[in-house]
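Colleague: I am new to this model and would be grateful for a close look at a single part of it. Please describe that part in full, and add whatever helps to place it.

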Amino acid sequence: MTHPSFASLLDYVEDSLPREARAAIDEHLAGPCSQCSVELSRIRAALGALANDDTVAPPEETLRRAVAAFRARPAAPPRVRIAAMLVFDNYRQSPLAAVRGPAARARQLLFTAEGLDIDLQIHFAEGGATLVGQILGGEQPSIVRLHRAGEVIDDVGADSFGRFAFRPVPLGNYDLVIESDSREVAIEGLEIHDAG
Amino acid sequence: MPPPDFLTLADSEIIDACLAGDARAWEALILRYQRLIYSIPLRYGLPESAADDIFQAVWMLLLENLARLRDRTRLVAWLVITTRRECWRQARQRRRMADGPDFALIENLPDDDSSLEDIFSRLEQLTLIRMAVQRLDSRCRQLITLLFYAHPQPSYEEIADILDLPLGSIGPTRARCLEKLLGILKSTGFE
Ligand SMILES: [Zn+2]
């Protein structure tokens, strides 16, 4: 099927087609041709909007002030870094936890830092571990970054409940840093080793 | 004017450039949405002095919140909601101070009225079209601007003169430029 050209559809919308040409397009549309019908309504909407644009531009001075605000913006205050304290470790709580077999291979840790609690679970698997956690309290949203030897190796966003999870990571020593707008809370020297 | 490459960037990319400290990106963002933001208080019937204050307040709020905008692809929606909130806030504030008649209108407008929602979705549509016009090649951009956005509207003779085009080619050029414009609009999801 040959569709009418854009110019014909435009003329159709603007009612500047000779009678026979108009009838031919009517017939084509009655086909039906949904593609041309959609195109026609888009042309109508665009022309209508173009012809009736009554938006108002702000005065030059108003515009200039808003543009200038960018250079005058206060520099973001440096983020405060707070070290989190370990308050619970199921491996330490019960020395047998590590040798109870596969069902008990998850390590549970709870850290705390000024108004913030971080619940961490480390699940061990072949050659690595997954890290699942939840941030309780504190400002949202947060980004959680996993550092190893001074480099960020992965980062994830916490969901609206403060939960986050990392892909399996190799065993090793990590720093886990929870960043929000004004501060970062760091769990330093997190040892991800299967104690078994 | 910011360099033309900002015209084709998505809002999220311009926001990234702003966060990286690029002042031209900030200007591009303001130029993109200046009419949308300035027109909302005027639609509410607020005077220009209030529209000026609201305009500044909205951009300051955006500047403060740029880093934590949750969904950058919906910047337009954020701007509209923030501007409407500012309109209400400033109207209340001024009413307390001066009790002028200026703000009677806004207080009589039901904010959940569907006709009011139509006004805002139409403003977004007009914004989308202006953005598309900015992305046209310079000849088409000039022609469309003269044909639709110039007040008072110049005649075809005057346009032919300004663009140095034969009078007879204005019609066909207009059709070609509108075709390009509709192509851009189609790609941005305009319906
Ligand atoms: Zn067709």
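**A close look**

Modeller: On the side of helix H9(B) other than that of its buried residues, Glu157(B), Asp161(B) and Ile162(B) are exposed. The model is predicted, so local features need pLDDT of at least 70 and side-chain atom pairs pLDDT 80 or more, while totals for chains, interfaces and linings use all residues; side-chain values use heavy atoms, without hydrogens and water. Residues are numbered from 1 along each chain as its sequence is written, with chains lettered from A and ligands numbered from 1 in the order written.

Helix H9 of chain B spans residues 156-163, and its buried residues are Ile159(B), Ala160(B) and Leu163(B). Seen down the axis of H9(B), these fall within an arc of 100 degrees, so they line one face of the helix. The arc is that of the directions from the axis to the C-beta atoms. Buried means under 20% relative accessible area, exposed over 50% and partly exposed in between, with a 1.4 Å probe and protein chains only. Helices are DSSP runs (H or I, at least four residues), numbered from the N terminus.

The cover over the buried face of H9(B) includes helices H8 (138-149) and H10 (170-187) of chain B, in contact (heavy atoms within 4.5 Å). Just after H9(B), Asp164(B) takes a positive phi of about 60 degrees.

Chain A offers a further point of reference. His28(A) is buried, with a relative accessible area of 12%, whereas His3(A), at 31%, counts as partly exposed.

Technical notes
Helices (H or I, at least four residues) and strands (E, at least two) are DSSP runs, numbered from the N terminus.
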